[in-house]
Amino acid sequence: MSFGEHLEELRKRLFVSLVAIGVCVLGLLPFKTQITGIYVAPYQWMWQRLFADYLGEVKAEVAAVGTPGHVPTPKEQLVQDLRRERWEFLEKYGQSILDGSFPDEFLPEVNTRGGFQVRPTLVALGGLEDFWTFMAASLLFGLVLAAPIVLYQGWAFIAAGLYKHERKMVLKYVPLATVLLFGGIGFGYSTVVPWGSYFLMKLMNFMQVEPMLSVAQYFTLLLTMTAALGVVFQLPLVMLALQKIGIATYVGMRRSWRYVILGIFVLSAIITPSPDPFTQLMMAGPMCLLYVLGLVLCWRAQK
């Protein structure tokens, strides 16, 4: 094929891929509530855990109110009365809030009557913020749904220029790369984002700073963390590739484990959006395990 024929082939492959993505995105548009619920779920989990902690704190405060023989001042008596009113609401509805049976339309009452200062929902700072966030999420979801078609089109274009043994090598490692990619995304979605957000919220003094996270800021954090972990989880294959092309050896990587661990923690500090050590440790820990997995793969490949 000439250079022009290659370009024409590439244009056809890209056109089919874009049509597949477009169809999937259009098919997702009627499901705004469900899609929003998927990317908001880690925030809701974090809110539930914070509320459970708050419930225990208020209960302890009410139990500790007053000392024998002490006559409270008018201000102390007012504080005690307000705490009791707050606890009456929390005691009556606290369990239903935790198990999710409390009506969503009355969740703001948890803030006003229960005194819990973390909003149960994200906020939209602009009229179009929620819409554009949903469109970005729909594009990502559509890309995932259309991935089989997109990957096939890309493979059909590239495979024609590869030797038989090269095609076998690609097909051998693509399943593992896919598993590692989705494993990293799942780990970020289910563990790093909710626990990292929870840890950051626990560091706040709600009497000085009121937490208010916008939907765009939260979605950016979620996307950054999951995408970064999806890439980071490819570490074993990167190590195997470096050994295959002769840049590194199994023995050298095994001997340099101290420097690698140090580099992993430095890299975690750089690519983690939130600066807290807890989130960095949650990212560095799996990377250390992936490094061990990479050593195992390189050892087997060397044999």
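Is Asp130 buried, exposed or partly exposed? I looked this up and found that Asp130 counts as partly exposed, because its relative accessibility is 27%. I noted the cut-offs: buried is under 20% relative accessible area, exposed is over 50%, and partly exposed lies in between, with a 1.4 Å probe and protein chains only.

**Ground rules**

I am working with a predicted model, in which local features need pLDDT of at least 70 and side-chain atom pairs count only at pLDDT 80 or more, while totals for chains, interfaces and linings use all residues. Residues are numbered from 1 along each chain as its sequence is written, and side-chain values use heavy atoms, with hydrogens and water left out.

**Salt bridges**

I searched the whole structure and got 5 salt bridges. The term stands for a side-chain nitrogen of Lys or Arg within 4 Å of a carboxyl oxygen of Asp or Glu. I looked at three pairs in turn.

I began with Lys32 and Asp130, whose side chains form a salt bridge at 2.8 Å, N to O. This pair links distant parts of the chain, since Lys32 is in helix α2 (residues 32-63) and Asp130 is in helix α5, 98 residues apart. I wrote down that helices (H or I, at least four residues) and strands (E, at least two) are DSSP runs, numbered from the N terminus. Lys32 counts as partly exposed because its relative accessibility is 31%.

I then turned to Asp53 and Lys202, which meet in a salt bridge at 3.4 Å, N to O. Asp53 is in helix α2 and Lys202 in helix α7, so this pair ties together parts 149 residues apart in sequence. Asp53 has a relative accessible area of 23%, so I entered Asp53 as partly exposed. Lys202 is also partly exposed, at 38% relative accessibility. I found that Asp53, Glu57 and Lys202 are linked in a network of salt bridges.

My last pair was Arg13 and Glu9, with the closest N and O atoms 2.9 Å apart in their salt bridge. Both residues lie in helix α1 (residues 3-28), 4 residues apart, which is about one turn of the helix. Arg13 is partly exposed because its relative accessible area is 21%, and Glu9 is partly exposed because its value is 23%.

**Helix pairs**

I kept in mind that two packed helices are described by the angle between their axes and the distance between the axes. The axes are lines fitted to C-alpha atoms, for helices over the stretch in contact, and the angles run from 0 to 180 degrees between N-to-C directions.

How do α7 and α8 pack? I read an angle of about 140° and axes 7 Å apart for helix α7 (residues 164-203) and helix α8 (residues 215-232). That angle is why α7 is oblique to α8. Angles under 35 degrees count as roughly parallel, over 145 as roughly antiparallel, 65 to 115 as roughly perpendicular, and the rest as oblique. The crossing of α7 and α8 is right-handed; a crossing is left-handed if the near helix is turned anticlockwise from the far one by less than a right angle, and right-handed if clockwise.

I listed residues that meet here, including Leu180, Gly184 and Tyr189 in α7 and Tyr218, Leu222 and Met225 in α8. Contact means heavy atoms within 4.5 Å. The residues of this contact divide into 12 nonpolar, 5 polar and no charged. Ala, Val, Leu, Ile, Met, Phe, Trp, Tyr, Cys and Pro count as nonpolar, Asp, Glu, Lys and Arg as charged, and the others, Gly among them, as polar.

I next checked α8 against helix α12 (residues 277-302), where the axes come within 11 Å and cross at roughly 20°. The two helices are therefore roughly parallel to each other. Met225, Ala228, Leu229 and Val232 of α8 make the contact with Thr279, Met283, Met287 and Leu290 of α12. I noted 7 nonpolar, 1 polar and no charged residues in this contact.

**Single residues**

Ser138 is in helix α5 (residues 129-145). I entered Ser138 as buried because its relative accessibility is 0%. Leaving aside neighbours within four places in sequence, Ser138 is in contact with Val25, Leu28, Leu29 and Ile35.

Asp104 sits in the loop between α3 (74-99) and α4 (108-112). With a relative accessible area of 62%, Asp104 is exposed.
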